[in-house]
Amino acid sequence: MPASEAAEYLGVKLATLYAYTSRGLVQSVPGPKGRARLYLKRDLERLRARRDARAGHGPVAASALRFGEPVLDSSITAIAWDRGPIYRGIPAIELAEQDMLFEEVAELLWSGTPPEDEQAHRTSYFWSALDFGMPSEPLRALVHEALPPLTALTLVVPLLASRDPGRFTTRPEAVLPRARSLIRRMIASLSLCRPRAEVDAALEEALGAETLAAAVLAAFGAERSPEAASAVNRALVLGADHELNASTFAARVAASTGADIHACITAALATLSGPRHGGAADRIEALIGEIASPEEAIDVVYERQRRGEAIEGFGHPLYPEGDPRGRALLDLACELDRDAPAIAKCLALVKGMEESGQGEPTIDVGLVALALALGLPRGAASGFFAVSRCVGWVAHVIEQYEAGYLLRPRARYQATEISGA
């Protein structure tokens, strides 16, 4: 919207609108052909919802479900618009830059304190799994080689649950050991999408890998160099949690009913599979595959705009100045293989979106870029994003178990006329 319409929409003066923009509450983009700047409607809607929320309990609840007011208390992750997610008081970006092991970040999210140096080796040991937990042959028959890794995960977790009759306890001392072995096995199951003759060897390598980052590379059959393992570890850390996103909220709803940890993870995986959540990475990957050359990227952007088609992965509502995780992962991808044709196309797409005022790249774009730089198969970005986010789901499930109440929002009934009545 132009400034005058935006101010009228919010019911404020122009000076107040400009103040909102300077504080990062509203993002503005250049107008066409040198015209005055335009203000993003999604940011304006969020601000107006917050204003309306002050009018009473009904509007509070309505706005809360759309990036609005907080709906529950949590001590796990805060979101800073300029720094990204902050895990138990420590920015995720800092943890990634310090090369803290993903396993140690998980322990931080679950307990509130990172392991001491002398505990690091023990932490890695705790995350080992002696076997896959079920025979691999029936799974090879179920999972087609071309099946996306995320879909394989949604099959494996319920099957693992069926072989664990003691899974119904909600005590942390029983849940956490199960969570560690479950995540290790989930990572190993990413190899099920490889050619069938390679699956058993890949499963064994992933289960026996020294770290979870190395296990991801082993599962996908990628080179397990120190540089590659460090890059994957950073990506896992950056994706570990993001407050009450849709999949995390689904996990908490399931946990509030007393569902076991496997069921909660299954609910979260189903939610993550949606194209507007974890499936965004697959759509970005497909778009980059459609771009013939970096020079063509801007034409693809403009053509999509002309047809009114949205391009996923740009302009996160919580980060008006850009998603710090997306930029960090793009930088990592460039460090690994900046000259790769796929990376060049990805960077050209990012530039084209910026020039057309469509916003900064999100973590989804960064994950796709990193997967391309590592030479991982299609769907890998959404696959290891899922196992990364599983750590956050477990943290929220435990917190919800301890909260002890059922999550049950209310609907505001809207009468509708029945056609033909």
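This report describes the nonpolar cores, one helix and its surroundings, and the enclosed space of a predicted model.

## Nonpolar cores

The largest nonpolar core of the model takes in 116 residues, and the residues that make the most contacts inside this core are Trp110, Ile265 and Phe384. Helix H21, which covers residues 380–403, supplies the largest share of this core, with 14 residues. Apart from this core lies another, made up of 10 residues, including Tyr9, Leu17, Leu44 and Leu47.

Isoleucine 265 can serve as a view into the larger of these groups. When residues up to four places away in sequence are left out, isoleucine 265 touches Val157, Leu182 and Met186, and also Cys390, Trp393 and Val394. As a general background to such groupings, nonpolar side chains tend to be buried together in soluble globular proteins.

## Helix H19 and its neighbours

Helix H19 runs over residues 341–355, and because each of its 15 residues is taken at 1.5 Å, the helix should span 21 Å, which agrees with the 21 Å that lie between its end C-alpha atoms. The buried residues of H19 are Ile343, Lys345, Cys346, Ala348, Leu349, Val350, Gly352 and Met353, a list that contains a lysine as well as nonpolar residues.

These buried residues pack against four helices, namely H16 (280–290), H17 (297–306), H18 (324–337) and H20 (363–374). Following H19 comes glycine 357, whose phi is positive, near 75°.

## Alanine 333

Alanine 333 belongs to helix H18, and because its relative accessibility is 0%, alanine 333 counts as buried. Not counting residues up to four places away in sequence, alanine 333 touches Arg338, Ile343, Ala369, Leu370 and Ala373. One of these contacts, Ile343, is also among the buried residues of H19.

The surroundings of alanine 333 also bring together parts of the chain that are separated in sequence: alanine 333 and leucine 372 stand 39 residues apart along the chain, while their C-alpha atoms are 7.9 Å apart in space.

## Enclosed space

The structure holds one cavity of 30 Å³ or more, and about 40 Å³ of space lies in the largest cavity. The residues that line the largest cavity are Gln27, Gly315, His316, Tyr319, Pro320, Glu321, Gly322, Asp323 and Glu360.

Sorted by class, this lining has two nonpolar, four polar and three charged residues. In general, empty space of this kind is revealed by rolling a probe the size of a water molecule over the atoms.

How values were computed. Residues are numbered from 1 along each chain as its sequence is written. This is a predicted model: local features need pLDDT of at least 70, side-chain atom pairs count only at pLDDT 80 or more; totals for chains, interfaces and linings use all residues. Side-chain values use heavy atoms; hydrogens and water are left out. On a 1 Å grid over the protein atoms alone, a cavity is a set of points where a 1.4 Å probe fits but cannot get out, and a pocket is an open set with protein on both sides within 12 Å along at least five of seven lines; lining residues have an atom within 4 Å of a point. Grid points are joined across faces, edges and corners, and a volume is the space filled by probe spheres set on the points. A nonpolar core is a set of buried Ala, Val, Leu, Ile, Met, Phe, Trp, Tyr and Cys residues joined through side-chain atoms within 4.5 Å. Buried means under 20% relative accessible area, exposed over 50%, partly exposed in between (1.4 Å probe, protein chains only). Helices (H or I, at least four residues) and strands (E, at least two) are DSSP runs, numbered from the N terminus. Contact means heavy atoms within 4.5 Å. The expected span of a helix is 1.5 Å times one less than its number of residues.
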